[in-house]
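Colleague: I would like to go through this model with you. Could you take my questions one topic at a time?

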Amino acid sequence: MLKIQDLSFGVNSDDGQKEILRNINLEIPDGKLIVITGPNGGGKSTLAKLIAGIEKPSSGRIVFDDNDITDMNVTERARLGIGFAFQQPVRFKGLKVIDLIRLAAGKKLTVVEACTYLSAVGLCAREYIDREVNSSLSGGELKRIEIATVLARKTKLTIFDEPEAGIDLWSFSNLIEVFQQQREEMKDRSIMIISHQERILNIADEIIVLNSGRVDNKGDREAVLPGLIGTSSAVQTCRGIKKGADC
Amino acid sequence: MDLNNIQKYLLKEIADLSGAPSGAYNIRSDSQSIARQSTENVDIIPKENGSGIDIFVKPGTKGESVHIPVVMTKSGLKETVYNDFYIGEGADVEIVAGCGIDNCGAHDSQHDGVHRFFVQKNARVKYVEKHYGSGSGKGKRILNPVTEVYMDEDSYVEMEMVQIKGVDDTTRTTTADLKEGAKLVVRERLMTHEEQKAASVYTVNLNGDNSNADIVSRGVARDNSYQKLDLKIVGNAACKGHTECDSIIMDNGKILAVPALEANNVDASLVHEAAIGKIAGEQLIKLMTLGLSESEAEEQIINGFLS
């Protein structure tokens with residue numbers, strides 16, 4: 001269970017202090033798939049980074065499984081069981097895909113074990129396992145490898161920041177299957193996805209709408225989603241996803 | 001072959017050897033050859049003046065290896081060794097060199113290895129050279145390798161040059177002359193730390209049509225160390241050349257990259273790339289989100305970069 005209490009975050013700008021998030025209060029229960037949506041600039045990614053410890057809040061507390069993690073750094077939070085998939089994954093010269101997956105799993109995986117995570121995100125494992133995570137990989141390949149590393153961690157709470165950004169339509173369908181499979185397997189774990197894709201909202205247990213740094217709406221999917229259809233908070237697949245041949 | 005623990009340790013570090021290797025070899029310790037073996041196809045012959053060895057690989061030799069590691073365990077030793085490699089036409093061999101110095105004393109220890117390669121037509125050579133230093137003495141560990149490569153038509157040489165730890169002062173000088181259709185590939189890895197200084201100078205002359213060179217040097221300068229990377233390709237024919245200096249700078253390290261291209265033929269196609277920068281913050285954060293501490297993340301990034 002993740003509890004966010006009166007969380008605010010601001011940055012200094014030319015116009016003085018600018019508030020990105022204001023007094024956010026949320027609970028992310030175990031065993032749920034939560035999707036956070038809302039217009040661009042509403043504070044979704046900032047909230048994800050605050051939970052992972054990449055940004056520090058101006059005020060408020062974050063409590064994870066009864067541990068106050070507000071003052072913990074990224075490593076400490078990761079070790080407590082928070083996973084984070086970046087919207088724009090990082091490249092590493094020299095580090096191979098298998099190195100990253102092994103680091104994520106925290107143990108010496110066999111090649112076969114590591115390959116299962118790549119296969120899960122639709123990559124032909126034997127072609128990728130020994131590749132360097134460098135600029136020879138396309139944005140879509142990198143994104144899927146990023147998701148594979150996060151899956152390998154098997155964390156209590158996994159945050160995906162716009163997992164669909166930069167991937168093609170076929171991979172997107174595959175991604176939905178990955179999330180659905182994750183949900184079936186998780187009992188005491190939870191998934192938080194930052195996305196405004198309607199197909200991702202469709203598999204949510206609960207939806208939270210962030211707008212202008214505030215919680216605009218939250219609740220079960222059945223209650224929240226109908227009000228979002230046709231707005232920028234629930235974009236249809238062919239908008240925002242790289243068009244594939246069948247789109 | 002009787003080896004003490006320091007000799008064993010150094011041989012393991014520089015040549016991954018835990019005893020006498022198979023194939024031809026010459027193991028030099030504290031200025032003397034302590035073990036040598038020739039094979040039917042590879043002759044290792046000491047020079048008459050005792051200043052080094054000549055290695056003759058017969059034409060057509062396939063799949064053989066030659067190990068010529070050097071270890072120094074006595075403080076204050078200084079030597080210059082001349083090793084010449086004659087690689088016969090159509091041969092395909094792997095040569096493992098390298099030098100490890102353990103200096104626990106107050107005097108500087110220095111090994112300057114001058115290696116000349118005469119590679120005949122269609123021959124292929126993979127050359128691996130690792131340099132390593134250890135020991136807690138105040139005496140410096142100094143290595144100044146000079147490598148000269150003379151490549152005949154359609155020959156291929158791949159060089160892996162590695163200096164990862166413990167060498168206080170080094171000037172690495174590599175020159176190569178390539179005839180028609182010859183190809184040279186170099187992968188250099190350099191890490192300096194504490195007060196160490198390293199200079200690496202390459203001059204590659206592409207003299208024949210369709211000759212090709214690909215020189216990539218990756219370096220990490222930590223603490224107060226200094227690196228100078230000076231990579232030059234000269235295109236004298238219809239040739240292709242590529243150099244890349246890619247460096248990570250840390251702490252108070254300093255790096256000077258001086259890539260240079262000289263085209264003396266209108267059909268020469270030469271490219272250089274050079275980049276110096278600290279470890280990107282987002283790389284550290286990514287690995288920290290996987291549960292690594294900042295220092296563990298740093299080590300992984302450097303190990304990967306230098307792998």
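Modeller: What follows is a discussion of a predicted model.

Colleague: Let us start with chain B. How many helices and strands does chain B have?

Modeller: Chain B has 3 helices and 23 strands. Its C-alpha trace spans about 55 × 55 × 35 Å along the principal axes.

Colleague: What radius of gyration does chain B have, and what would a compact globule have?

Modeller: The radius of gyration of chain B is 20 Å. For 307 residues a compact globule would be near 19 Å, so the value for chain B agrees.

Colleague: What share of chain B is buried?

Modeller: Of its 307 residues, 44% count as buried. As for contacts in chain B with a separation of 6 or more, 81% of them come from residues 24 or more positions apart.

Colleague: Now the contact between the chains. How many residues does each chain put in?

Modeller: Chain A contributes 19 residues and chain B contributes 17 residues. On the chain A side, α2 (74-80), α3 (97-105) and α6 (139-153) each supply at least two residues.

Colleague: Which element of chain A gives the most?

Modeller: That is α2(A), with 4 residues.

Colleague: And how do the residues on that side of chain A divide by type?

Modeller: There are 11 nonpolar, 4 polar and 4 charged residues on the side of chain A that touches chain B.

Colleague: Staying with α3(A), how is it placed against α4(A), parallel or perpendicular?

Modeller: The axes of α3(A) and α4(A), the latter covering residues 111-120, come within 10 Å and cross at roughly 95°. Angles of 65 to 115 degrees count as roughly perpendicular, and the two helices are therefore roughly perpendicular to each other.

Colleague: Which residues meet there?

Modeller: From α3(A), A:Ile98, A:Ile101 and A:Arg102 meet A:Val111, A:Ala114 and A:Tyr117 of α4(A). This contact has 5 nonpolar residues, no polar ones and 1 charged.

Colleague: Let us turn to the sheets of chain A. What is the strand order in the sheet of 6 strands?

Modeller: The order is β6-β7-β8-β3-β9-β10 in chain A, in an open sheet with mixed pairing. At its edges are β6 (82-85) and β10 (214-220) of chain A, each of which pairs on one side only. On average, neighbouring strands of this sheet are turned by 15° against each other, direction ignored.

Colleague: Which helices pack on this sheet?

Modeller: One of them is α6(A), which touches β6(A) and β7(A) (157-161) and makes about 170° with the direction of β6(A). Another is α7(A), residues 169-185, which touches β3 (33-37) and β8 (190-194) of chain A. The direction of α7(A) makes about 155° with that of β8(A).

Colleague: Is β7(A) covered on one face or on both faces?

Modeller: Both faces are covered. A:Leu157, A:Ile159 and A:Asp161 on one side are buried, as are A:Thr158 and A:Phe160 on the other. In total, 5 of the 5 residues of β7(A) are buried.

Colleague: How does β7(A) pair with β6(A) and β8(A), parallel or antiparallel?

Modeller: β6(A) and β7(A) run parallel and are joined by 4 bridges, with A:Gly83 as the bridge partner of A:Thr158. The pairing of β7(A) with β8(A) is also parallel, over 5 bridges, and A:Leu157 stands opposite A:Ser190 there.

Colleague: And at the β10(A) end, what joins β9(A) to β10(A)?

Modeller: β9(A), residues 206-211, runs antiparallel to β10(A), with 6 bridges between them. A:Leu210 stands opposite A:Val215 in β10(A).

Colleague: What about the sheet of 4 strands?

Modeller: That open sheet of chain A has the order β2-β1-β4-β5 and antiparallel pairing. Its edge strands are β2 (16-28) and β5 (67-68) of chain A. β1(A), residues 2-13, pairs with β2(A) over 9 bridges, and A:Lys3 has A:Glu27 as its bridge partner.

Colleague: Backbone angles next. Which residue of β2(A) has a positive phi?

Modeller: A:Asn23, which is not a glycine, has a positive phi of about 45°; A:Asn23 is in strand β2 of chain A. It counts as partly exposed because it has 14 C-beta neighbours inside 10 Å.

Colleague: And where does B:Asp251 lie?

Modeller: B:Asp251 is in the loop between β20 (240-249) and β21 (254-257) of chain B. Its phi is near 50°, a positive value in a residue other than glycine. With 12 other C-beta atoms within 10 Å, B:Asp251 is exposed.

Technical notes
Residues numbered from 1 in each chain as written. Chains lettered and ligands numbered in written order. Predicted model: local features only at pLDDT ≥ 70, side-chain atom pairs only at ≥ 80, totals over all residues. Rg over C-alpha atoms; globule rule 2.2 N^0.38 Å. Buried ≥ 20, exposed ≤ 12 C-beta atoms within 10 Å, placed from the backbone. Contact = placed C-beta atoms within 7 Å. Nonpolar A, V, L, I, M, F, W, Y, C, P; charged D, E, K, R; others polar. Axes fitted to C-alpha atoms, helices over the stretch in contact; angles between N-to-C directions. Parallel < 35°, antiparallel > 145°, perpendicular 65-115°, else oblique. Pairing = 2+ DSSP bridges.
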